[in-house]
Amino acid sequence: MPSRSAEVSRKTKETEISVSVDVDGKGKSDIATGVGFFDHMLDQLSRHSLIDMTIKAKGDLHIDDHHTVEDTGIAIGQALSKALGERRGIMRYASIDLAMDETLTRAAIDVSGRPFLVWNVAFSSPKIGTFDTELVREFFQALAQNAGVTLHVTNHYGANNHHVAETCFKAVARALRAALEPDPRQPDAVPSTKGSLKG
């Protein structure tokens, strides 16, 4: 399988973001967005997907974290889509129930070329520290839309909002890892009867 790595830079009046990914990495990350909790979550995404990620973001944090979080999701999604190319030889589908202490969250993914997010996650508080919990959904919406994946995330239960958010990132990471693994039975085939996973 050819190298599956890519770089994306994105600059607007609100944010300036650079992202590099290596899908066949070891889960190494170098992340600095200026949003501490978000950096922690992105580190989990990298570590548990085994996708090496370098992410640098400067955003209008004097307003709030929204633009930085959303635009980082856009850039990561674009980088993943670029790295995957025609999406040949991948498993394509995966799902996982991921437990963390009292919390259980499911993520299911189809690396289909058709972006869609189904989000069944509720937080009992609007904040985790200073981080807006609604931004967790905004990140995954941006990621799914720009990576061209169908993503379903469901939190079955959980009492701690940090754990709920973290299981979302870890579950998506593990589902991504499984879906992007090379399929030894069809290493050169696009896993679709259409012959294309470009939407």
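**Fold, sheet packing and salt bridges of the predicted model**

Read from the N terminus onward, the secondary structure elements come in the order β-β-β-α-β-α-β-β-β-β-β-α-β-α. This amounts to four helices and 10 strands. The structure is a predicted model, and the description below moves from the chain as a whole to its sheet, its helices and its charged pairs.

For a chain of 199 residues, a compact globule would have a radius of gyration near 16 Å, and the value computed here is 16 Å, so the two agree. Along the principal axes, the C-alpha atoms occupy a box of roughly 45 × 40 × 30 Å. Of the 199 residues, 51% are buried. Among contacts with a separation of 6 or more, 78% involve residues 24 or more positions apart.

A convenient place to start is the open sheet of four strands, ordered β5-β6-β10-β7 with mixed pairing. Its edges are formed by β5 (93-100) and β7 (116-120), each of which pairs on one side only. From one strand to the next, the twist averages 10 degrees. Strands of a sheet pair through backbone hydrogen bonds, in either a parallel or an antiparallel sense. For β5 and β6 (residues 103-110), the pairing is antiparallel and extends over eight bridges. Within this pairing, L98 has T105 of β6 as its bridge partner.

Two helices can be placed against these strands. Helix α3 (residues 134-147) lies across β7 and β10 (150-157), and runs at about 160 degrees to β7. Helix α4 (residues 161-180) packs on the sheet and touches β5, β6, β7 and β10. The direction of α4 makes about 150 degrees with that of β5.

Helix α2 (residues 66-84) offers a neat check on geometry. At 1.5 Å a residue, its 19 residues should span 27 Å, and the C-alpha atoms at its ends are indeed 27 Å apart, so expectation and model agree. Because 14 of the 19 residues of α2 are buried, the helix is largely enclosed by the rest of the structure. Just after α2, G85 adopts a positive phi of about 55 degrees.

Turning to charged pairs, the structure contains nine salt bridges. Side chains of opposite charge can pair when their charged atoms come close. One of these bridges joins D71 and R10, with 3.1 Å between the closest N and O atoms. The pair connects distant parts of the chain, since D71 belongs to α2 and R10 to strand β1 (residues 5-11), 61 residues apart. The two partners sit in contrasting surroundings: D71 has a relative accessibility of 5% and therefore counts as buried, whereas R10, at 23%, is partly exposed.

D110 takes part in a further salt bridge, its side chain meeting that of R92 at an N to O distance of 2.6 Å. D110 lies in strand β6 and R92 in the loop between α2 and β5, so this bridge ties together parts that are 18 residues apart in sequence. Both D110 and R92 are buried.

The side chain of D110 also meets that of R114 in a salt bridge, here at 3.9 Å from N to O. With a relative accessibility of 11%, D110 falls under the 20% cut-off and so counts as buried, while R114 is partly exposed at 37%. Through shared partners, the salt bridges join R92, D110 and R114 into one network.

Definitions and conventions: Residues are numbered from 1 along each chain as its sequence is written. This is a predicted model: local features need pLDDT of at least 70, side-chain atom pairs count only at pLDDT 80 or more; totals for chains, interfaces and linings use all residues. Side-chain values use heavy atoms; hydrogens and water are left out. Two strands pair if DSSP finds at least two bridges between them. Axes are lines fitted to C-alpha atoms, for helices over the stretch in contact, and angles run from 0 to 180 degrees between N-to-C directions. Contact means heavy atoms within 4.5 Å. A salt bridge is a side-chain nitrogen of Lys or Arg within 4 Å of a carboxyl oxygen of Asp or Glu. Buried means under 20% relative accessible area, exposed over 50%, partly exposed in between (1.4 Å probe, protein chains only). The expected span of a helix is 1.5 Å times one less than its number of residues. The radius of gyration is taken over C-alpha atoms; the globule rule is 2.2 Å times the number of residues to the power 0.38.
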